[in-house]
Amino acid sequence: MPLQTRQQLVARIGADADQCVKCGLCLPHCPTYAVDGSEAESPRGRIALLQRLADGDRQPDDSVTRHLDQCLSCRACERVCPAHVPYGRLFDAGQALLAEHAPARGRRRRRSAWLLHRPVLRRVLLRALFVAQRAGITRVLGGLLAGTRPGRWLHALPRLPWPREARDRAIATEGVDVALFAGCLGDSVDRPALNALRGVLETAGYRCAVPRGQTCCGALEQHGGAADAAARAITVNASAMATAAPAHIVGIASGCTAWLQDAEKEDPARPFAGRLSAPWPLLLERAAALPFRSSSERIAVWLPCTQRNVVRDEADMLRVLRSVPGATIDVLPSPDGCCGASGLHFLEAPERADRLAAPIVAAIRDRAPDRVLCANVGCRLHLGAALRAAGAEVPVVHPAEWLASRLGMH
C-alpha cells in the first residue's frame with residue numbers, strides 16, 4: 001500500500017535507513033559510484049542524504065535531487081548488503097518525499113508515464129511511427145533532433161511491428177495455467193517477445209492467456225515518487241489477472257516482474273494471490289516436452305539488474321537456454337553492473353547511460369555473437385541502440401524469441 005502522508009514517509013525512511021551500518025560493502029557494486037567515485041553517488045551516501053532530508057536537516061535542493069535521481073535503482077547494493085537494508089523500498093519512499101516537497105516535480109513524473117496507461121492512444125502513435133519508419137521519416141527526424149529527448153526516442157526504437165491489441169478477447173471459464181502480463185509494450189515493441197514466450201509455454205503444455213484490462217505495471221510511477229498512481233496500476237492489473245483464474249502469473253519483462261513482486265511483498269492483501277512466477281522454472285518442469293533443434297549459434301546473454309538483483313531467476317533461465325543442443329551460451333560481463341537503461345534513464349540522461357553501456361558493447365563486439373539475449377525490454381532497446389551507434393548490427397532479442405526459433409516457430 002502507498003504511504004499517503006509525510007509522517008509515514010519520514011517514518012519509513014527512518015526505520016529502513018537505520019538498518020544501514022555504513023560499512024561500505026555496497027560501494028564496489030554500485031554503478032553510479034563506479035562512474036563518479038563520489039560518496040553522494042553511492043548507496044551509503046544516498047541513504048545519508050535521505051536520513052538528513054527526513055530529519056529536516058537538509059533541504060531538497062538541486063544537489064540532493066540530482067544525486068537521488070541519478071540512482072539507477074539497480075539494487076545491486078541490496079543483494080550484497082549484510083544488514084539487509086531494503087534499499088529499493090527506501091529509495092522509493094525518498095522519491096515520494098521529494099515529490100511531497102516539490103509537487104510540480106511529482107506532476108512531471110506522472111506525465112512521463114501518462115501515455116503508458118492509454119493503450120489506444122499509444123497504439124495510434126506507434127502506428128504513425130511504424131509508417132514513418134517505413135517511409136524513412138524517422139531517420140531524417142532523428143538527425144534533425146539529435147541531442148534532444150525526442151531524438152533519443154527515435155534513435156532507441158528498433159524496427160517496429162504493426163501495433164495491435166495483444167490481449168485475449170475471451171478467457172476459458174475453467175481458467176488457465178499461465179496468465180501473461182504483457183506490460184505497456186506487449187502490443188508493440190515487446191509483442192514478438194510476448195508471442196514467443198506464449199508459444200514456448202504452450203509447446204510445454206501450459207494453457208496460456210493474455211487477459212484484457214491490463215495496464216502499465218506502474219514501476220515508473222513507483223520509482224518516481226508517485227506511489228498512489230503505482231498502487232492504482234497494481235489494482236487494475238490484479239483485477240485483470242483474476243479474470244483468468246491462473247495458476248501462475250508470468251511477466252515477459254524482468255523490470256515489470258520485479259515491481260509486481262515488490263508490490264505483492266509489501267501489500268498484506270497480496271494482490272496477485274501468490275501466483276507470480278518467472279517462466280523459466282515452469283519450462284524446466286516440462287523440459288522433456290520441448291524438442292529444441294540443435295544450433296551452432298554463439299549466444300551472448302545480458303542479465304538485467306532487475307533479473308539479477310530482484311527477480312533472481314537468471315540461473316533457471318540459463319539452464320533452459322543451455323538445454324538447446326550445440327549452442328554456445330556466454331554470459332556477458334558487467335563491469336559496472338548496469339547497462340544504464342533503468343526505466344527512462346537512457347532517454348533522460350543519455351550520456352551517463354551510454355557510458356555505462358560502452359563496456360558491454362565492447363564485450364559484445366569482441367565476442368561477435370550471432371545474437372544477444374536480454375529479458376528486459378528497456379535494456380534491449382538501450383543496448384540495441386548502442387550497438388547500432390557502434391556499427392555492430394547484432395540482434396538483441398528476448399530469450400523466448402530465440403527458444404521459439406529453436407522450436408521452429410519462426
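Four strands form an open sheet here, running in the order 5-4-6-7 with parallel pairing. Keep in mind that this is a predicted model. Besides that sheet, there's an open three-stranded one, ordered 2-1-3 and also paired in parallel. The notes below go through both sheets, then turn to a helix pair and a buried asparagine, N237.

**The four-stranded sheet**

- Strand 5 (328–331) and strand 7 (396–397) sit at the edges with a single partner strand each, so each has one side left without a neighbour in the sheet.
- Strand 4, covering residues 298–302, pairs with strand 5 in the parallel sense, and four bridges link the two.
- Looking for a residue pair to click on? V301 stands opposite V331 of strand 5.
- Helix 21 (residues 399–406) packs on this sheet, touching strand 4, strand 5, strand 6 (371–374) and strand 7.
- As for orientation, the direction of helix 21 makes about 120° with that of strand 6.

**The three-stranded sheet**

- The edge strands here are strand 2 (208–209) and strand 3 (248–251); each has a single partner strand, so one side of each goes without a neighbour in the sheet.
- Strand 1 (residues 178–181) pairs with strand 2 in the parallel sense, over two bridges.
- A179 has A209 in strand 2 as its bridge partner.

**Helix 3 against helix 4**

- To describe two packed helices, you give the angle between their axes and the distance between the axes.
- For helix 3 (residues 43–55) and helix 4 (residues 62–69), that comes to an angle of about 135°, with the axes 10 Å apart.
- That angle makes helix 3 oblique to helix 4, because it falls outside 65 to 115 degrees and isn't over 145.
- The two helices cross with left-handed geometry.
- On the helix 3 side, the contact is made by R46, L49 and L50, while helix 4 puts in V64, H67 and L68.
- Sorted by class, the contact of helix 3 with helix 4 has four nonpolar residues, one polar and one charged.

**N237**

- You'll find N237 in helix 13, which spans residues 227–242.
- Is N237 buried or exposed? Its relative accessibility is 0%, so N237 counts as buried, the cut-off being under 20%.
- What is N237 in contact with, leaving aside its neighbours within four places in sequence? The list is F181, Q214, T215, C216, C217 and F272.

Note on methods: Residues are numbered from 1 along each chain as its sequence is written. This is a predicted model: local features need pLDDT of at least 70, side-chain atom pairs count only at pLDDT 80 or more; totals for chains, interfaces and linings use all residues. Side-chain values use heavy atoms; hydrogens and water are left out. Axes are lines fitted to C-alpha atoms, for helices over the stretch in contact, and angles run from 0 to 180 degrees between N-to-C directions. Angles under 35 degrees count as roughly parallel, over 145 as roughly antiparallel, 65 to 115 as roughly perpendicular and the rest as oblique. A crossing is left-handed if the near helix is turned anticlockwise from the far one by less than a right angle, and right-handed if clockwise. Contact means heavy atoms within 4.5 Å. Ala, Val, Leu, Ile, Met, Phe, Trp, Tyr, Cys and Pro count as nonpolar, Asp, Glu, Lys and Arg as charged, and the others, Gly among them, as polar. Two strands pair if DSSP finds at least two bridges between them. Buried means under 20% relative accessible area, exposed over 50%, partly exposed in between (1.4 Å probe, protein chains only).
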